[in-house]
Amino acid sequence: MWLIMYDLRHDLTNLNDRIIDLEKQIELEKINAESNIQPLKTQLNQIKQDKTRFASKNDFESVQACRRKEENLKFKINAQWNKYSLLKEELTRLNNEKHDIQQQIKLKENEIRRTNDILSQMNTVLDNYKKTQSLKQAAADSKISPEHIEQWYEWGKKGFNETSTYFYTKITEIDGYFKEQESLKLKEQMDRVIEAYKKPIH
């Protein structure tokens, strides 16, 4: 889970860098487009004036020629914004991707928060279980539903998820420790009995 969070944050950092670079490119492209368009607009205004002048003289052939030049210039003006428009589209796509990653991070943070809360509850139960060796009593002492604890145990036994597996593993470790202690006590008792039989009777 933490590895996924690291990857998401790493992706977000790289994406932010790309967005900053792209915004700079867009600003430069806007300046470049406006610079290129200015003389084209001047030409366009001149052609419009010529077209009006030719129309007043009923020179329709010249008017048609002006119209062709006008359309050609309009095409060139629009073409100056092509790269700018493509960069803006890419910026929109990156911002959408950024939003998606931010949402994923938020979901993972909530998941981690819930997992930490559950782990804290589990550790409280485990601490009380060490004192009582009874899950039922540990549940009561921890003020946690016995059904939850039973679910953690059963799910951990079947390896359903990482937190439940942790809980089950710790329970088995505690049980193993107490069994070992019982075995040592039993051995000590048996050793004392054997030593007692070895002593001569007076």
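Does W81, at 26% relative accessibility, count as buried, partly exposed or exposed? In this predicted model, W81 counts as partly exposed because its relative accessibility is 26%, and the buried class ends at 20% while the exposed class begins over 50%.

**Aromatic pairs**

A search of the whole structure finds 5 aromatic pairs. One of them joins W81 and Y84: the ring centres lie 5.2 Å apart and the planes meet at 75°, so the pair is edge-to-face. Another edge-to-face pair is formed by Y177 and F178, with 5.6 Å between the ring centres and 70° between the planes. Both assignments follow because planes over 60 degrees apart count as edge-to-face.

The accessibility of the four residues is as follows.

| Residue | Relative accessibility | Class |
|---|---|---|
| W81 | 26% | partly exposed |
| Y84 | 16% | buried |
| Y177 | 46% | partly exposed |
| F178 | 16% | buried |

In the first pair listed, W81 is partly exposed, whereas Y84 is buried. In the second, Y177 is partly exposed and F178 is buried.

**A charge over a ring**

R53 lies over the face of F54, and the distance to the ring centre is 4.8 Å.

**Helix α3**

Helix α3 covers residues 82-132, a run of 51 residues. From its first C-alpha to its last, α3 reaches 75 Å, close to the 75 Å expected at 1.5 Å a residue. What sign does phi of Q133 take just after α3? The phi of Q133 is positive, at about 60°.

Notes: Residues numbered from 1 in each chain as written. Predicted model: local features only at pLDDT ≥ 70, side-chain atom pairs only at ≥ 80, totals over all residues. Heavy atoms only, no water. Phe/Tyr/Trp six-rings, centres within 6.5 Å; stacked < 30°, edge-to-face > 60°. Buried < 20%, exposed > 50% of the residue type's maximum accessible area, 1.4 Å probe, protein only. Lys NZ or Arg CZ within 6 Å of the ring centre and 35° of its normal. Helix = DSSP H or I, 4+ residues; strand = E, 2+ residues; numbered from the N terminus. Expected span 1.5 Å × (residues − 1).
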